[in-house]
Amino acid sequence: TVGAIGYGSYEIYNKRHPLEQKPFDPKKRTVVVLGSGWGAVSFLKSINTDDYNVMVVSPRNYFLFTPLLPSCTVGTIELRSIMEPIRFITQHKTRNVKFYESECTDIDPESKTISITDVSDIKGSVSNTTIPYDYLVMAIGADNQTFGMAGVREYACFLKEVWDAQKIRTRLMDCVESAGFAKQAPEEVDRLLHMVVVGGGPTGVEYAAELHDFLKDDLEVWYPELADKFKITLVEALPNVLPMFSSQLIQYTESTFKQNKIEVLTKTMVKEVADKEIKVMDANKNLVSIPYGLLVWATGNCPRPLTRKLMARVKEAQTSPRGILVDDYMRVAGAPDIYAIGDCTFSKYAPTAQVATQQGLYLASVFENLARMEDGQNKKITPFEYSHQGSLAYIGSDKAIADLPFLNGNVSVGGVATYVFWRSVYISNMFSFRNRFLVVGDWMKSKVFGRDVSR
Ligand code: FAD
Ligand code: MG
Ligand code: MG
Ligand code: MG
Ligand code: MG
């Protein structure tokens, strides 16, 4: 056992040591996976490593449970609780998958090689190299959409990665403390305590909801002199928030936000972003300036540079600027032996973890069937079919909304019971017992002690 060869006595190390796992076999074909997010991890959890040598390349050596990221911006949950080291997944049981913490910077479908670069702060003498693949699985997700607007990257905070949540949490407390600074000018207090969210999709809505809870539960208690100055505004270009939900739940969300004094400005387009204010075109086509202390930008996805590079290499087959075109078997159009799943693809489905997970699972089964067919077994490869399990969102003050497909119809529910359901669904979808344990612990901790208001 691992203990016997001196690798610690923790349960976690049981059967996880590379010496107990199958070595790389030159006779097997190599599958290189790009990414360590939802799509990649779902694929890795079910790929049969008896059939293939598997290798993962990602600049992040952990998986991030994104649905609970908005809760980390205000400290309801701590970031480390929703991160899972990738090696817990790549070295699980007899699975033996190599991991390189690096970014893939180019893909050459002709020579079937990829270029990888160590993008971390600390590097060794080798930080660029190429590796060959037999099959490539692209699961690199997407970039933040800025519509090319100047100032967004400079002044706004995104909400996609660990460092985004950290930045928001720090800036939020920075704004509050500066607003409370001795003899602060009243209009500056109003500006600093104005939290503006751009984008009325699930990320923007859930973030505004978490922020509201933090103001009500914690900040108003610790900063009573500022309590009536806090303001949250959500800016959305479309006529309503959460377009993927039923109209009943959209109304329920908008009325809950009204009760919670979150101002929702619909049909409002951001035109300019500066360091202390944004300029918007409001519903009546007037140009209005909105001063802010904290600006969070959640307006959706656009392709990453590597995605664009690959599309340009096979541009006859790649005709959509919005993402990689794949066929019903997740094969990249124009690039044989490359598969793509999740947010980096242009597909008929919404860019969600739910879709990426199902595609990852599906692709692992395709690889399994291919191997069995080579063994001479009679197998058939059927196209990918998405099965929608429903949409859920947290909307603040212990209320959530859910649109669930149910007995050929749809059920739309909202309220406190839905919130309990929302929590249980997220908990049961967490990848490991360890994550579940940590998140439940954080929820209990913030109930008992309140959220941590230190910067
Ligand atoms: P990701 O999970 O983003 O993974 C991409 C991976 O690729 C990352 O590990 C990244 O580091 C890596 N990578 C990037 N560039 C390179 C490169 N050049 N080379 C190698 N690796 C690279 N979906 C839901 O279904 N339900 C929800 O409740 C939900 N809530 C969300 C809340 C937030 C705040 C956010 C941001 C998203 C939410 N989503 C939700 C959407 C969901 O997170 C995405 O759809 C999902 O992450 C897509 O999976 P993916 O594998 O395509 O990309
Ligand atoms: Mg991924
Ligand atoms: Mg992820
Ligand atoms: Mg390094
Ligand atoms: Mg300050």
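**Exercise 1. Val366**

Decide from its relative accessibility whether Val366 is buried or exposed, and state where the residue is found.

Solution. The relative accessibility of Val366 in this predicted model is 5%. The term buried applies under 20% relative accessible area. Val366 therefore counts as buried. As to its place, Val366 belongs to helix H10. A further step compares sequence with space: Val366 and Ile381 are separated by 15 residues in sequence, while their C-alpha atoms are 6.4 Å apart.

**Exercise 2. The shell around ligand 1**

Describe which residues surround ligand 1, which elements supply them, and why the ligand lies between two domains.

Solution. Begin with the count: ligand 1 is surrounded by 30 residues, the closest being Gly39, Thr66, Asp343, Ala353 and Tyr426. By class, this shell consists of 14 nonpolar, 11 polar and five charged residues.

Next, consider the polar atoms. A nitrogen atom of ligand 1 lies 3.0 Å from a backbone N or O atom of Cys104. A polar backbone atom of Asp343 is 2.8 Å from an oxygen atom of the ligand, and a polar backbone atom of Pro351 is 3.1 Å from an oxygen atom of the ligand.

Then take the surface. Ligand 1 taken alone exposes 990 Å², of which the protein buries 89%.

Now assign the shell to elements. Two or more residues come from each of helix H1 (38–46), strand S2 (52–58), strand S6 (103–108) and helix H10 (353–374). The most is given by H10, with three residues.

Finally, turn to the domains. Residues of the shell come both from domain 1 (3–142 + 303–374) and from domain 2 (152–301 + 390–449), and ligand 1 therefore lies between them.

**Exercise 3. Helix H1 and Asn53**

Establish how many of the nine residues of H1 are buried, and describe the surroundings of Asn53 in strand S2.

Solution. The buried residues of H1 are Trp38, Gly39, Ala40, Val41, Ser42, Phe43 and Leu44. With seven of its nine residues buried, H1 is largely enclosed by the rest of the structure.

Asn53 lies in S2. Its relative accessible area is 6%, so Asn53 is buried. The side chain of Asn53 reaches the backbone oxygen of Asp25 at a distance of 2.7 Å.

**Exercise 4. The magnesium ion**

Identify which residues coordinate the magnesium ion (ligand 5), and explain how they are arranged in helix H5.

Solution. The coordinating atoms belong to Asp174 (OD) and Ser178 (OG), at 2.3 to 2.4 Å. Both residues are located in helix H5 (residues 162–179), where they are four residues apart, about one turn of the helix. An α-helix has 3.6 residues a turn, so residues three or four places apart point the same way.

The accessibility of the two residues completes the description. Asp174 has a relative accessibility of 34% and therefore counts as partly exposed. Ser178, at 28%, also counts as partly exposed.

**Exercise 5. Positive phi values**

State the approximate phi of Phe147 and of Ser397, and locate each residue.

Solution. The background is that most residues other than glycine have a negative phi. For Phe147, phi is near 55 degrees, a positive value in a residue other than glycine. Phe147 is placed in the loop between strand S10 (143–144) and helix H4 (152–155). Since its relative accessible area is 55%, Phe147 is exposed.

For Ser397, phi is near 40 degrees, likewise positive in a residue other than glycine. Ser397 occurs in the loop that joins strand S20 (391–396) and strand S21 (399–406). Its relative accessibility of 30% means that Ser397 counts as partly exposed.

**Exercise 6. Two side chains in helices**

Name the contact partner of the side chain of Glu188 and the atom that the side chain of Ser446 reaches.

Solution. Glu188 has its place in helix H6 (residues 186–192). Its relative accessibility is 26%, so Glu188 counts as partly exposed. The side chains of Glu188 and Arg191 make a polar contact at 2.8 Å. By contrast with this contact, the C-alpha atoms of Glu188 and Gly390 are separated by 43 Å, and the two residues are 202 residues apart along the chain.

Ser446 is found in helix H12 (residues 433–449). With a relative accessibility of 15%, Ser446 counts as buried. The side chain of Ser446 reaches the backbone oxygen of Trp443 at 3.4 Å.

How values were computed: Residues numbered from 1 in each chain as written. Chains lettered and ligands numbered in written order. Predicted model: local features only at pLDDT ≥ 70, side-chain atom pairs only at ≥ 80, totals over all residues. Heavy atoms only, no water. Near = heavy atom within 4 Å. Polar contact = N/O pair within 3.5 Å; in protein donor to acceptor, adjacent residues only side chain to side chain. Areas by Shrake-Rupley, 256 points an atom, 1.4 Å probe, with all protein chains shown as cover. Nonpolar A, V, L, I, M, F, W, Y, C, P; charged D, E, K, R; others polar. Domains from an automatic or database assignment. Donors = N, O, S within 2.8 Å, 3.2 Å for Na, K, Ca; no water. Buried < 20%, exposed > 50% of the residue type's maximum accessible area, 1.4 Å probe, protein only.
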